[in-house]
Amino acid sequence: MTDSLLIVGAGQAASQLIASLRQDGFAGAITLVGEEAYIPYQRPPLSKAFLAGELARERLFIKPEEFYAEAKVTLHLNTRATAIDRARKVVTLEGGNELGYTALALTTGSRVRKLPLPGAELPGCYYLRGIADVELLQDKLKAGNRVAIIGAGYIGLEVAAVAAKHKLKVTVLEALPRVMARAACTELSAFYEEQHRKAGVDIRCNTKLEAIEKHGSALAIKTSGGIVEADFVLIGIGIVPNVELASAAGLKVDNGIVVDDHARTQDPAIYSIGDCTNLPCTYSTTGRIRLESVQNAIDQAKHAALSLMGKPKAYNEVPWFWSDQYDLKLQIAGLGDPGDQIVLRGDPTSRSFAAFRLRGGVVAAVEAVNAAPEYMMGRRLIAARAKVAPERLADKTIPMKDMA
Amino acid sequence: MAKIKYIEHNGKEHVVDVKPGMSVMEGAVKNLIPGIDADCGGACACATCHVYVGQEWLSKIEPMQEMEKTMLDFAEGVEGNSRLSCQIKVTDALDGLTVKMPKSQH
């Protein structure tokens, strides 16, 4: 039986692991080490309501401070773990203190991918990952300010939507031919690009960057399509998993800390959960994946808890994601693959529609815009690996409930 | 402040004060009341904060938006008084509100 659990990384996964374990009667000691100054908080609102100033900071916290006291969790915030000694079952903290464990959970998450471009380190260039990042950006969110956003993924487009709403002059620079190329099908990309254009956002795809230079009090971004001037730059080109601690300890790392479907690494005493893991996934065409999502952090944590409690249950949940831009709620379930057959249901001009992805006739994913029935039923169809004829899926006169 | 009574599926009652402006979901989570998962944190994206609202309160809370209605359509154990608690904003007028949690949030 585990009598002391040490969790390194204080995010969504850590908070869920603690909640699930204590709810299930875990009696061992729990210690949580986190680099940031905060107890675990939700990241999704950072690029949405929190950036927009519509959500106070205290509403970001997943659980209140009292939760950790009540759950008898020893907190070490503002603290970085520097090494794991697997033989002695000890984690070293910055400053040299050591914490022992019988079980260790690495929930180290991810950090922003830095833009390898001359000038990207200039003052006025920002990234968005934590509360502190957003608090810097909030001051810049003033009508008339010019922002250049590098990267048209979720972060870039969500910030673009908030900035456009605040009447900034917004330019989005994307290297690929379309926006959200990694997350969505071409039909959805085209729709979102048009919505941003309508809101006044200047979206430039196929744009290669050459350098960022200081230009008076502003910044000039030299691109393959000319110079873009901006008062500040927001870089959102993805995240990289925090695997260094695991890797230095000799744990297997391959685009994430390699775990099985119980969130276990190859060391029976060490678990890993969330963005930092590479996990088996039967919904992925490659069989393994690294997921950057709240859903995965929560569900993987629940399964790690079951395993720690001696009631292991294999993790095989349908991945799901969401994004809020303007008045559009995008909900995605399943994982897309370039070879998928795309079936549209509903008319994009109605601003409520969905794109289903069929793989060998089986519903593999759904990307739903303001279309909750398509999303919710889609999740069930994906989990059931259901075959649905494309013409039925596309037929709006057949309710989603009847698709099973 | 509004006093809200949360009743777990097993009948256990919790009465707590919730600040106006917060959601009924946040009131439960911040007060460590089990039975509401709220995986998405209140974005109306997951339907894991399903509650049953005391009949007498149905007319007093903000009506459902389309998104909530359709998300609920696919939740389990939905009744006429089902709501997603992240979409119910607490006001002083909701002082005394009672909500019950379903058997599970899946």
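Leaving aside neighbours within four places in sequence, S272(A) is in contact with seven residues named here: L106(A), I257(A), V259(A), A263(A), T265(A), T277(A) and Q300(A). This is a predicted model, so please read every distance below as a property of that prediction. S272(A) belongs to strand 19 of chain A, which spans residues 270-272. Its relative accessible area is 0%, so S272(A) is buried. The side chain of S272(A) also has a polar partner: it reaches the backbone oxygen of L106(A) at 2.9 Å. For a long-range pairing, look at V8(A): it lies 264 residues from S272(A) in sequence, while the two C-alpha atoms are 9.4 Å apart in space.

## A buried glutamine

Another residue to look up in chain A is Q325(A), in strand 22 (residues 320-325). Is Q325(A) buried or exposed? Its relative accessible area is 1%, so Q325(A) is buried. Not counting residues up to four places away in sequence, Q325(A) touches L157(A), E158(A), A161(A), M180(A), Y192(A) and H196(A). With H196(A) there is also a polar contact, in which the two side chains come to 2.8 Å.

## Salt bridges

How many salt bridges does the structure hold over all chains? The count is 32. The table sets out four of them.

| Residue | Partner | Closest N and O atoms |
|---|---|---|
| E94(A) | R80(A) | 3.8 Å |
| R111(A) | E244(A) | 2.7 Å |
| K3(B) | D17(B) | 3.1 Å |
| E26(B) | R59(A) | 2.6 Å |

Take E94(A) and R80(A), whose closest N and O atoms are 3.8 Å apart. This pair links distant parts of the chain, 14 residues apart: E94(A) sits in the loop between strand 5 (90-93) and strand 6 (98-100) of chain A, and R80(A) in the loop between strand 3 (73-76) and strand 4 (81-85) of chain A. R80(A) has a relative accessible area of 40% and is therefore partly exposed.

Next come R111(A) and E244(A), joined by a salt bridge at 2.7 Å between the closest N and O atoms. Here the partners are 133 residues apart and again link distant parts of the chain, with R111(A) in strand 8 (residues 110-112) and E244(A) in helix 6 (residues 244-248) of chain A. R111(A) is partly exposed at 37% relative accessibility, and E244(A) is partly exposed at 42%.

In chain B, K3(B) and D17(B) form a salt bridge whose closest N and O atoms are 3.1 Å apart. K3(B) is in strand 1 (residues 2-7) and D17(B) in strand 2 (residues 13-18) of chain B, so that the pair links distant parts of the chain, 14 residues apart. K3(B) is partly exposed, with a relative accessible area of 43%, and D17(B) is partly exposed, with a value of 43%. Back in chain A, salt bridges that share partners join D340(A), R357(A), R359(A) and E367(A) into one network.

## Where the chains meet

Between the two chains, 22 residues of chain B are in contact with 29 residues of chain A. The area buried between them is about 2100 Å², and carbon and sulfur atoms give 59% of that area. The rule finds one salt bridge across this interface. That bridge joins E26(B) to R59(A), with 2.6 Å between the closest N and O atoms. Polar contacts between chain B and chain A amount to five residue pairs, both residues being at pLDDT 80 or more.

Which helices of chain B each supply at least two residues of the side that touches chain A? They are helix 1 (24-30) and helix 2 (66-73). Helix 2 gives the most to that side of chain B, with four residues. By type, the residues of the side of chain B that touches chain A divide into 12 nonpolar, five polar and five charged.

## Cysteines

The structure holds zero disulfides over all chains. Why is there no bond between C44(B) and C86(B)? The sulfur of C86(B) is the closest cysteine sulfur to that of C44(B), but the two are 5.2 Å apart, too far for a bond, because a disulfide needs the sulfur atoms within 2.5 Å. C44(B) is buried at 6% relative accessibility. In chain A, C125(A) is buried too, with a relative accessible area of 13%.

Technical notes:
Residues are numbered from 1 along each chain as its sequence is written. Chains are lettered from A and ligands numbered from 1 in the order in which they are written. This is a predicted model: local features need pLDDT of at least 70, side-chain atom pairs count only at pLDDT 80 or more; totals for chains, interfaces and linings use all residues. Side-chain values use heavy atoms; hydrogens and water are left out. Buried means under 20% relative accessible area, exposed over 50%, partly exposed in between (1.4 Å probe, protein chains only). A polar contact is a pair of N or O atoms within 3.5 Å; within protein, one must be able to donate a hydrogen and the other to accept it, and residues adjacent in sequence count only if both atoms are side-chain atoms. Contact means heavy atoms within 4.5 Å. Buried area is the accessible area (1.4 Å probe) that two parts lose on being put together, summed over both. A salt bridge is a side-chain nitrogen of Lys or Arg within 4 Å of a carboxyl oxygen of Asp or Glu. Ala, Val, Leu, Ile, Met, Phe, Trp, Tyr, Cys and Pro count as nonpolar, Asp, Glu, Lys and Arg as charged, and the others, Gly among them, as polar.
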